[in-house]
Amino acid sequence: MHPSPLLNGLNDEQRHAVLLPDTHALILAGAGSGKTRVLTTRMAWLLQSQRCSPGGILAVTFTNKAAREMLTRLQAMLPLNVRGMWVGTFHGLCNRMLRAHWKLVALPQAFQILDTQDQLSALKRVYKANGIDEERLPIKPTQWFIAGCKEDGLRPNDVDARDPDTRKRVEIYALYEAQCQREGVVDFGELMLRSYELLRDNTALREHYQHRFSHVLVDEFQDTNRLQYAWLKLLCGPQTSLFAVGDDDQSIYAFRGARVGNMADFVREFEVQHTIKLEQNYRSHSNILDSANALIGHNKNRLGKNLRTDAGAGEPVRVVALSTDLAEAQWLVEEIRHLKREGREATGGTGVDRLDEVAVLYRSNAQSRVLETALFNAGMPYRVYGGMRFFERAEIKHALAYLRLLDNPNDDTSFLRVVNFPPRGIGARSIEQLQDAARAQGASLSQAVAQVSGAAGAKLNGFIALLDVIREAGQGQPLRQWVELVLQHSGLIEHYRKDREGEDRIDNLNELVTAAESFVTQEGFGKQAPGSEESAWVNPDTGETESPLSAFLTHAALESGDNQAQAGQEAVQLMTVHSAKGLEFDAVFITGMEEALFPHENALNDLDGLEEERRLMYVAITRARKRLYLSHTEQRMLHGQTRFHIRSRFIDELPEQAIKWIHQTHPAGAGHGWSAGGRAGGSMAWSSQSAAPWSGSAGAPAAVAQPKAQAESRHAWLKQGSQVFHTKFGEGTVLAVEGINDDARAQINFSRHGVKWLALSVAKLTPIA
DNA sequence: TCCAGCCACTTTTTT
DNA sequence: AGTGGCTGGA
């Protein structure tokens, strides 16, 4: 075998993985071990050595970003037409399959996709239509239940319901399914499940795909759920080899159905002969890596893997204790400044020279607010990941609902969303009338409009007429024109113009026009279908034409879009630990390192939950290349209440020699911890230098409000972790304390009586030494 | 029908 | 604290 430039720079483990023969393989790829590189090089190698044509490869990931990245890298290695390749997310590929076989799976050609919000409102309608009491059977858990069933591949008939609540939920599940089918919509789970069933029940088709795909490659295999694994099993025939890449230590999605056990099952069921560990880390200095290794060593359930690096020890991992969340934020700003300064002064120094090489991580989104305020007041640019995405914004969902109705008039979710938005005098009573009529006939709301008489009927007819006008005007027009027509005729723009806060929304709506335009360009809709003014997309799998509008709607549902495209700006990156997975930075700050926050309180009670939290921490640590900081506070505001926490056990699981404790110049806990600037000589001068833009009026910026005098609480002696005695309940351990003085209450785990919340002004508690 | 004010809720996230 | 849903008055 002559050497190929593709293999240049790969280490032995990596090269071994890339050059494996056409058999099943499991690659255990540690953090920063070049996982994506192996995956893409493997694909390039298969193609280059002519063992496989582009059409014979199916590569699947979890996020669109990962899929894009894979294609980009692949194209950089080989000149390649990507069109016929099946590279995408699980949901994207399932969608592709269902579109190709829409008749077989009994869906309308223009079936639409419900996102989580849509699913909830669809479920609400099921509740209403069937007189189900939301109080008795809360709706969110029902939504989770249905999603969970689908993740396990279960239809209502397959669920083993043992208690009355579950039986009721199964009933609702069946009703919900019927409703979706009637309306021609599918939720995310349904995309997967129906695609699975298509392969399962249709032998000819299954064999076709099995024959077609000689190589299936899976990224982040540890995150697959039952159904996804089952789907992969159907896709792989006797001639197919499955190349799975994953890391059990980075499995952090059990809460949404991911099953690490799939890795072991894969090895057993596919009789995997080749398991390769990638343990060479190219990312972090060894203090950071040692910390990660030591931490994850505390987990019992592991396949076992230890990362090593050739990089030097580097800087120690710094641990800081602060008094309050506010102090933490202020310290963070100061430390980032310091890093930046260091980076600029010394080339090759240990600082950072770009702010976007700094990431601030937290366990839950609620923690970002204080940090944002501090960064904002300091005039330091930052970017927050997560939260509202473009296609999830209310105004965008409204505009999309109009477009969806134009494409599929039976989409009742969209109908209800915009039938009276902007307000056009169609109230709850009219809608109820309409829903009754629709129910009586088993018809969709659009279809039932004709049945409603009187004033309500007239107004409803007006709405239908509005849609007809747009449809008429859009005939033969390009996609961009359809969006503009909707914006013009729906009255959305006008509506928001009246709203003083509506300016951003109007901007976003205009942005939607741009998005439509660039979608057409990027997806290659430019080619005109023969004999038609309207551009159309020819499905490469079936040769059928699909309207740009439906394709765009699918795109909007499957790719919720980046949240804030402040691209180009050099900014500190703020995100949850979950969304940091797969990314890396020179400097990483992990904030809120406190019990009940990280590990999260909901996970404290069971071992599996705790191990998942630890893996989450492992992910967080391994994001850092050169610098890692952990910070924790004594008190912080959470849901509007002050809470006291002790430092996270995870800090104590790190190796002493790899970390360095940073001490504040001012004693913490006196209620002024926020004024400490970080290292010695730090001052608070900067906080007044960079006043917030709105602080033209006298007074300190909002963020620098004085912390409440928590230290003076009568119950200050009572801290998380203290042992207490109660005259009635006996001995217990304090899990959490909230509020101060008369409002103070504590959550206590009594060894005899379990966990209870007690008001401290009432309960008689004494400390146990 | 519409809007304002009140109440309950709050993990992590992608599709 | 902030958001979203719901109720009651205009």
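How do the residues of the surface near DNA strand B divide into nonpolar, polar and charged? In this predicted model, the split is eight nonpolar, 17 polar and five charged.

**View 1. The protein surface around DNA strand B.** There are 30 residues around the strand, and those that come nearest are Thr116, Arg363, Arg389, Gly427 and Thr576. Looking for a secondary-structure element to orient yourself by? Helix 17 (residues 428–441) gives the largest share of this surface, with three residues. On the DNA side, sugar or phosphate accounts for 57% of the strand B atoms within 4 Å of the protein, and bases make up the rest.

**View 2. Arg363 at a base of DNA strand B.** Here an N or O atom of the Arg363 side chain sits 2.3 Å from a base oxygen of the strand. Arg363 is also one of the residues that come nearest to DNA strand B.

**View 3. Asn420 and Gly425 at phosphate oxygens of DNA strand B.** Asn420 uses its side chain: a polar atom there lies 3.0 Å from a phosphate oxygen. With Gly425 it's the backbone, where a polar atom is 3.3 Å from a phosphate oxygen.

**View 4. Cys94 and Cys149, two cysteines without a disulfide partner.** A search of the whole structure turns up zero disulfides. For Cys94, the closest cysteine sulfur belongs to Cys236 and is 13 Å away, so the two are too far apart for a bond. Cys149 is in no disulfide either, with its nearest cysteine sulfur, in Cys180, 14 Å off. As for exposure, Cys94 is buried at 0% relative accessible area, and Cys149 counts as buried at 6%.

Note on methods: Residues numbered from 1 in each chain as written. Chains lettered and ligands numbered in written order. Predicted model: local features only at pLDDT ≥ 70, side-chain atom pairs only at ≥ 80, totals over all residues. Heavy atoms only, no water. Disulfide = S-S within 2.5 Å. Buried < 20%, exposed > 50% of the residue type's maximum accessible area, 1.4 Å probe, protein only. Near = heavy atom within 4 Å. Polar contact = N/O pair within 3.5 Å; in protein donor to acceptor, adjacent residues only side chain to side chain. Helix = DSSP H or I, 4+ residues; strand = E, 2+ residues; numbered from the N terminus. Nonpolar A, V, L, I, M, F, W, Y, C, P; charged D, E, K, R; others polar.
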